[in-house]
Amino acid sequence: MTIALGTRQDIDSWMRLAEKVRDSFPGLETWEALDGHRRTVLEFMESGGAICAKEQAEVVGALLFSREHNMLCFLAVDARHRRQHIAENMVSYMLTMMDSHSDISVTTYREGVPEGEAARAFYQRMGFTPGKLTEEFGSPVQEFVLKR
Ligand SMILES: CC(C)(COP(=O)(O)OP(=O)(O)OC[C@H]1O[C@@H](n2cnc3c(N)ncnc32)[C@H](O)[C@@H]1OP(=O)(O)O)[C@@H](O)C(=O)NCCC(=O)NCCS
């Protein structure tokens, strides 16, 4: 397993993972949305904000982050590879590239939504604390913040 910044060569494999996990992401349901995700990922790849966990050439973990906004923007691990600390390793790698004095935020499911249990447990295990309740793509979400 390698963890590194993703490049354009990874986009097709990234999108195969995105298609598999699309049900976990409000805003990725339609083909148009997936196409928008592809364009977004390519932009993040250009600016060095896309991290891939790869087994050979296959992307099994994907993370988007913004240095400018101190945000974790997207995180997913292939269901076959979960609970192997892949997300943890990607977040640790991300942190090496971010300003060590700024808080980092992410939004995820609110409490009580079954699809959000893994993500909420994961972020809290990583040291993020639950913050304000907001909305994203018309869905209720909660911000989690890693204080630094
Ligand atoms: C959330 C997600 C990215 C976690 O990826 P992962 O690689 O399985 O996570 P890790 O193996 O690095 O987990 C590290 C720790 O987080 C906690 N954790 C992770 N998944 C958990 C779960 N399902 N239940 C409880 N705790 C969990 C555990 O403490 C785990 O350590 P442990 O396995 O030694 O107990 C993955 O479940 C996923 O892709 N889910 C679907 C998409 C999603 O919800 N993305 C985030 C939306 S914002």
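Which exposed residues does the face of helix 2 turned away from its buried side carry? The legends below address this point within a predicted model.

**Figure 1. Overall fold of the predicted protein model.** The protein contains 4 helices and 7 strands, arranged along the sequence in the pattern β-α-α-β-β-β-α-β-α-β-β. Its radius of gyration is 14 Å, close to the 15 Å given by the globule rule for 148 residues, so the protein is as compact as a globular protein of that length. The C-alpha trace spans about 35 × 35 × 30 Å along the principal axes. Of the 148 residues, 25% are buried. Among contacts with a separation of 6 or more, 54% join residues 24 or more positions apart.

**Figure 2. Close-up of the buried side of helix 2.** Helix 2 comprises 16 residues (residues 31–46) and reaches 23 Å from its first C-alpha to its last, close to the 22 Å expected at 1.5 Å a residue. His 37, Val 41, Phe 44 and Met 45 are buried in this helix. These residues cover an arc of only 95° around the axis, which puts them on the same side of helix 2. The buried residues of helix 2 pack against helix 1 (11–21), strand 2 (50–55) and strand 3 (58–66).

**Figure 3. Close-up of the exposed face of helix 2.** Turned away from the buried side, this face carries the exposed residues Glu 32, Asp 35, Arg 39, Glu 43 and Glu 46.

**Figure 4. Close-up of the segment just after helix 2.** At this position, Gly 48 adopts a positive phi of about 75°.

Definitions and conventions:
Residues are numbered from 1 along each chain as its sequence is written. This is a predicted model: local features need pLDDT of at least 70, side-chain atom pairs count only at pLDDT 80 or more; totals for chains, interfaces and linings use all residues. Helices (H or I, at least four residues) and strands (E, at least two) are DSSP runs, numbered from the N terminus. The radius of gyration is taken over C-alpha atoms; the globule rule is 2.2 Å times the number of residues to the power 0.38. A residue is buried if 20 or more other C-beta atoms lie within 10 Å of its own, exposed if 12 or fewer, and partly exposed in between; C-beta atoms are placed from the backbone. Two residues are in contact if their C-beta atoms, placed from the backbone, lie within 7 Å. The expected span of a helix is 1.5 Å times one less than its number of residues. The arc is that of the directions from the helix axis to the C-beta atoms.
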